[in-house]
Structures are given as structure tokens and as C-alpha cells.
Amino acid sequence: MSENLVGRLSAEMFFIDRQDRRSLQMQLTSSIVSTILEARTLPGTRMPSTRQLAEHLGISRLTVTLVYQDLVAQGYLESAPRSGFAVSQKVPHRRIGREDALSFSQPVDWGRWLKQDLTARRRISKPLDWRSYPYPFLYGQADPTLFDHAAWRDCARRALGAREFTDLADERMAVDDPVLVDFICRNTLPRRGIRARPEEVLITLGAQNGIWLAVQLLARKDRVAVMEDPGFPDFAATFQFAQMPIHYVPCTEEGLEPASLPPDTGLVAVTPSHSIPTGATMPIQKRRELLTMADKNDFLIIEDDYEFEMSFLEPPSPALKSLDGGGRVIYIGSFSKALFPGLRIGYVVGPAPFIEQARALRAMMLRHAPGHMQRVTGYFLALGHYDAHIVRLREAFRHRRETLTQALERTPFRIAGAARHGGSSLWIEAPKEVESARFAEMLATRGVLIEHGRPFFANPPNPCPFFRLGYSSIAEEKIEAGVKIMDQMLKS
């Protein structure tokens with residue numbers, strides 16, 4: 001087809017965004033593919049020369065050449081000697097035109113169809129652009145300077161090798177990656193005093209996915225769900241969605257008090273090693289008391305054992321699951337907190353009959369967690385990178401906690417809760433007249449991010465002076481200045 005018939009695409013049709021985090025090569029590739037598909041460009045249409053496009057975009061001619069060559073390999077472009085590049089005769093996945101949609105007079109009443117308003121639940125909110133704030137005291141966010149990116153890339157390269165591809169590309173139904181499961185059974189769980197076989201472990205999309213699976217399988221409308229107050233708001237939301245009545249037990253300095261459980265308890269959600277958000281640790285004798293009550297009154301326990309690796313002050317207590325001789329504890333763990341939250345790799349440990357049903361329920365939703373991410377994580381653990389990473393985190397967090405504690409001592413703020421073994425956050429109480437939600441809004445205007453305490457309470461005090469300060473995401477040298485701004489804002 002001649003150029004006179006099909007024409008040439010103008011360089012002005014393509015663009016890149018200097019603020020975009022993607023590479024220039026990836027952006028240009030996406031821009032060209034979108035233009036070809038959206039405009040239904042005819043085969044044979046000439047592309048701008050590499051020099052023209054490079055000059056228009058202000059980028060290297062080599063970058064444009066590499067993009068063109070990649071698109072030739074993918075079948076979007078074709079090249080001809082001394083003729084440059086043109087749209088291929090066999091452009092893949094050419095899109096069809098849209099037909100006019102039918103219109104109806106009666107709109108869908110979504111309020112009638114949706115059984116619950118999940119957007120109204122108590123939840124912790126964090127700005128997506130939190131890295132742009134100079135003083136982010138946010139819990140659960142990762143500091144990239146502490147992560148070994150080269151080691152992670154090496155593990156990803158190994159997992160993408162040709163020998164691995166067949167194993168990861170096949171439909172494995174509900175089966176998890178054996179490399180990852182083996183490490184969890186042989187290394188992770190024994191550190192918590194837990195022994196488990198592979199058939200007693202299920203990989204999940206983070207701890208929250210594991211909590212949801214457990215509650216959906218175990219919920220009974222005629223049995224009461226029990227959780228700490230203040231406590232993890234996602235526990236409450238998951239129980240509410242399962243339509244279980246909830247009984248809140250005050251979280252003391254020793255965590256959940258077993259003697260406060262009602263007689264019709266059916267399911268207890270607890271964070272015994274490091275209570276959310278106070279950091280309280282349940283003593284061993286109370287853990288034994290809780291397990292004895294579970295056996296006597298026939299209820300089950302969900303243990304969220306997050307952040308046990310962050311034990312830089314003293315060794316963590318054995319997991320509740322390690323004391324469970326009757327199989328009544330469903331144990332939830334995750335690698336997302338220690339590595340990075342976007343990983344979304346967690347695990348559930350429980351008796352084989354429970355895990356079998358949890359695997360079947362998960363298969364109805366998503367089959368299994370992405371095989372490639374499981375394998376990359378498995379290699380990162382098995383090759384020793386994870387342990388080295390934990391050593392770096394412990395050292396950094398120890399210094400940050402010391403700096404934060406010392407800075408707070410010079411202010412009216414009181415540390416109302418802190419994990420005995422370490423952790424990555426402190427539970428703070430401001431003077432009683434302070435409303436932490438409003439205080440957080442005011443601090444954000446000065447570049448300081450905190451997490452106000454309202455979402456953690458079933459019925460928060462009014463005003464609610466409590467808030468959480470995380471130190472995993474803020475550099476040590478920024479802590480003192482951030483606390484000083486908090487103090488100034490309090491006095492203004």
C-alpha cells in the first residue's frame with residue numbers, strides 16, 4: 001500500500017510525561033500502541049523518523065530506535081530498508097468500534113441490590129502521595145533505602161528463568177508454590193514455636209485476605225465474635241460483613257483479658273504478641289487461660305501475628321498457636337509488613353481440614369496468589385536475603401524508636417502504648433482536649449502525617465486524643481523536627 005494512500009503519523013501524536021515514574025521507553029511504547037489501536041491506524045501507515053520523534057519529545061534517538069525495534073518484534077510495526085518504520089500488516093488485537101448503547105428509563109437501585117455499605121466502615125486512611133510529605137509518621141509503609149533492590153531483582157530474574165516458566169505458567173489450580181511453603185514450614189513457623197506440614201499452610205494475598213477467608217468459613221450468626229478495643233478495624237469490618245454480632249473487650253496493658261469474654265463467644269480475633277494499635281503483649285499465663293477457655297467453651301481463635309520479626313528490644317513471646325494443643329487457633333502471618341506492603345503475600349496456618357476448605361474458598365475467588373510473586377518471595381527468603389533485611393530493619397527501627405521517644409519526652413504527648421519487644425509504631429495520647437482527627441488535618445498542612453485514633457475504637461472517646469506514630473517510613477534525621485512541629489501545633 002503506497003504512502004499516498006495510507007499517509008504518515010505525525011510526531012505530535014505521541015507524548016511522554018516527565019512526572020511519570022515509568023521509564024521513557026515504556027511510556028513511548030505505550031503511547032505508540034495506544035495511538036495505533038485507538039485510531040485504528042491503517043496497515044502501512046508510516047511512522048515519524050526516529051530523528052523527528054526524538055527531537056519532538058526531547059529524548060535520545062537511541063531510545064526511539066529501541067522502542068521501534070521492540071514494536072517490530074511484537075508485531076505492531078514493520079521495517080523496510082531505507083524506508084523507516086510503518087504500521088504492520090498484522091497489528092495484533094485490533095479493536096472494534098463501539099455500538100450505541102441502549103438507554104432505559106429505570107436506573108438500577110444499587111442501594112437495594114448491595115446488602116451493605118462497605119465504604120461506611122471504620123478504616124485507616126493514608127494519602128497515596130505520602131512520600132511527598134517531609135514528615136510521614138505512617139505505620140506499615142516501607143522505607144526503600146532499607147531494602148536490597150539488587151537482591152530482589154536477582155530473585156525475580158531467577159523466577160523468570162526458562163526452567164521456572166513451565167512451573168509458574170501452568171494452571172496449578174489451588175496449589176501454592178512449594179519453594180515458599182517449604183520455607184514457611186521449615187524456617188518461619190519454627191521461629192514462632194509452631195510446627196506445621198505443607199497441607200496445614202495456605203498462601204494468601206496478605207494477612208487481610210487470610211482473615212477474610214477464616215471469618216467467612218467460621219462465622220455463625222448465633223455466635224458472638226470478640227475482639228480488642230481499641231483494635232484492628234478490619235477485624236470489625238470482616239465480622240460485620242459476615243453478619244456476626246461483635247463483643248468488644250477492652251485492651252489492657254496486657255492485651256485482651258480472657259475473663260471478659262461473654263459465655264456465647266464463638267470466635268475470638270486477637271493480636272497477642274503486639275496488639276493493634278497499642279502494642280500491648282499478652283502474657284504467657286493469659287494465653288494459656290484463653291486457650292483453656294476455648295477448649296472448655298468450644299470457641300475458636302484467629303491469631304494475627306504481624307510484625308514479630310521487629311523484635312530489637314527483646315525476643316518475642318512464643319505465638320499463641322505454639323501453645324495450641326487442640327487445634328483451635330487459626331494463625332495469620334504476612335511478609336508484606338517486613339518487606340513492602342505492595343507485596344501482598346501472607347499465609348494461614350491451621351488444621352488440615354480447615355486449610356482444605358480455605359483452599360477451596362480461595363479457589364472460588366482467585367485460584368491462588370500469583371505464582372511468580374510467590375516464587376520470587378520464596379527465593380528471597382531461601383537465599384538469606386530476608387534475614388539480612390530483617391537485621392537492617394531492626395537496627396534502623398531501634399535507632400528511630402530511641403530518637404522518637406526522646407523527642408516526645410520534651411512534649412506534652414504521652415506514650416500510651418508501645419510494643420515491649422520493638423515494633424514499628426507508638427500509640428500516643430495527647431492532652432485530653434485534643435481531637436486527633438482534627439489535629440491530623442492541621443499537621444498535614446505543615447507536612448506532618450499521623451494516624452488519628454478514631455478508627456481503632458468501637459466507640460471512640462469524644463474528643464479522641466489518641467493517635468499512632470509509625471517510624472518505618474520516616475528517616476531518623478526527620479523525626480525530631482517532625483515532633484517539634486507537632487508540639488508547636490499543639491501550643492498554637
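Helices α8 and α13 are oblique to each other in this predicted model. The reason lies in the angle: the axes of α8 (residues 178–188) and α13 cross at roughly 40 degrees, and an angle under 35 degrees would be needed to count as roughly parallel, while 65 to 115 counts as roughly perpendicular. The two axes come within 7 Å, and the crossing is left-handed. On the α8 side, the residues that take part are P178, V179, L180 and F183. They meet Q374, R375, T377, G378, Y379, L381 and A382 in α13. Sorted by class, this contact has seven nonpolar, three polar and one charged residues.

Helix α13 (residues 371–382) also packs with helix α7 (residues 162–169). Two packed helices are described by the angle between their axes and the distance between the axes. For α7 and α13, the axes come within 9 Å and cross at roughly 130 degrees. These two helices are therefore oblique to each other, and α7 passes α13 in a right-handed crossing. E164, D167 and L168 are the residues of α7 in this contact, and their partners in α13 are G371, H372, R375 and Y379. The classes here are two nonpolar, two polar and three charged residues. R375 and Y379 of α13 appear in the contact with α7 and also in the contact with α8.

The loop after α8 can be followed next. R192 lies in the loop between α8 and β4. Is R192 buried or exposed? Its relative accessible area is 1%, so R192 is buried. Leaving out residues up to four places away in sequence, R192 touches S273, D305, F308, P316, S317, P318, A319, S322 and Y331. One of these, S322, is 130 residues from R192 along the chain, yet their C-alpha atoms are separated by 6.9 Å.

Helix α10 (residues 233–241) is mostly covered, with seven of its nine residues buried. The buried ones are P233, D234, F235, A236, A237, T238 and F239. What do the buried residues of α10 pack against? They pack against α9 (206–218) and against four strands, β5 (224–229), β6 (246–252), β8 (265–270) and β9 (300–304). After α10 comes Q243, which has a positive phi near 60 degrees.

Helix α12 (residues 352–366) has 15 residues. From its first C-alpha to its last it reaches 20 Å, close to the 21 Å expected at 1.5 Å a residue. The buried residues of α12 are F354, I355, A358, R359, L361 and R362. Their cover includes α9, β4 (201–204), β10 (329–334) and β11 (346–349). Helix α9 thus contacts buried residues of α12 as well as those of α10. Just after α12, R367 takes a positive phi of about 65 degrees.

Further along the chain, H389 is found in helix α14. With a relative accessibility of 2%, H389 counts as buried, because the cut-off for buried is under 20%. Apart from residues up to four places away in sequence, H389 touches L146, F147, A338 and L339.

Helix α14 (385–408) is also among the elements that pack against the buried residues of α16. Helix α16 (residues 476–491) has 16 residues, which should span 22 Å at 1.5 Å a residue; its end C-alpha atoms are 24 Å apart, which agrees. Which residues of α16 are buried? They are I479, G482, V483, I485, M486, D487, M489 and L490. Besides α14, they pack against α15 (436–444), β3 (135–136), β14 (448–449) and β16 (466–470).

D100 gives a contrast to the buried residues above. D100 is found in the loop between β2 (84–87) and α5 (110–113). Its relative accessible area is 76%, so D100 is exposed. The C-alpha atoms of D100 and E429 are separated by 58 Å, and the two residues are 329 apart along the chain.

The last step is the chain as a whole. The protein chain has 16 helices and 16 strands. Its C-alpha trace spans about 85 × 60 × 60 Å along the principal axes. Of its 492 residues, 51% count as buried. Among contacts between residues at least 6 apart in sequence, 73% join residues at least 24 apart.

Terms used. Residues numbered from 1 in each chain as written. Predicted model: local features only at pLDDT ≥ 70, side-chain atom pairs only at ≥ 80, totals over all residues. Heavy atoms only, no water. Axes fitted to C-alpha atoms, helices over the stretch in contact; angles between N-to-C directions. Parallel < 35°, antiparallel > 145°, perpendicular 65-115°, else oblique. Left-handed = near helix turned anticlockwise from the far one by under 90°. Contact = heavy atoms within 4.5 Å. Nonpolar A, V, L, I, M, F, W, Y, C, P; charged D, E, K, R; others polar. Expected span 1.5 Å × (residues − 1). Buried < 20%, exposed > 50% of the residue type's maximum accessible area, 1.4 Å probe, protein only.
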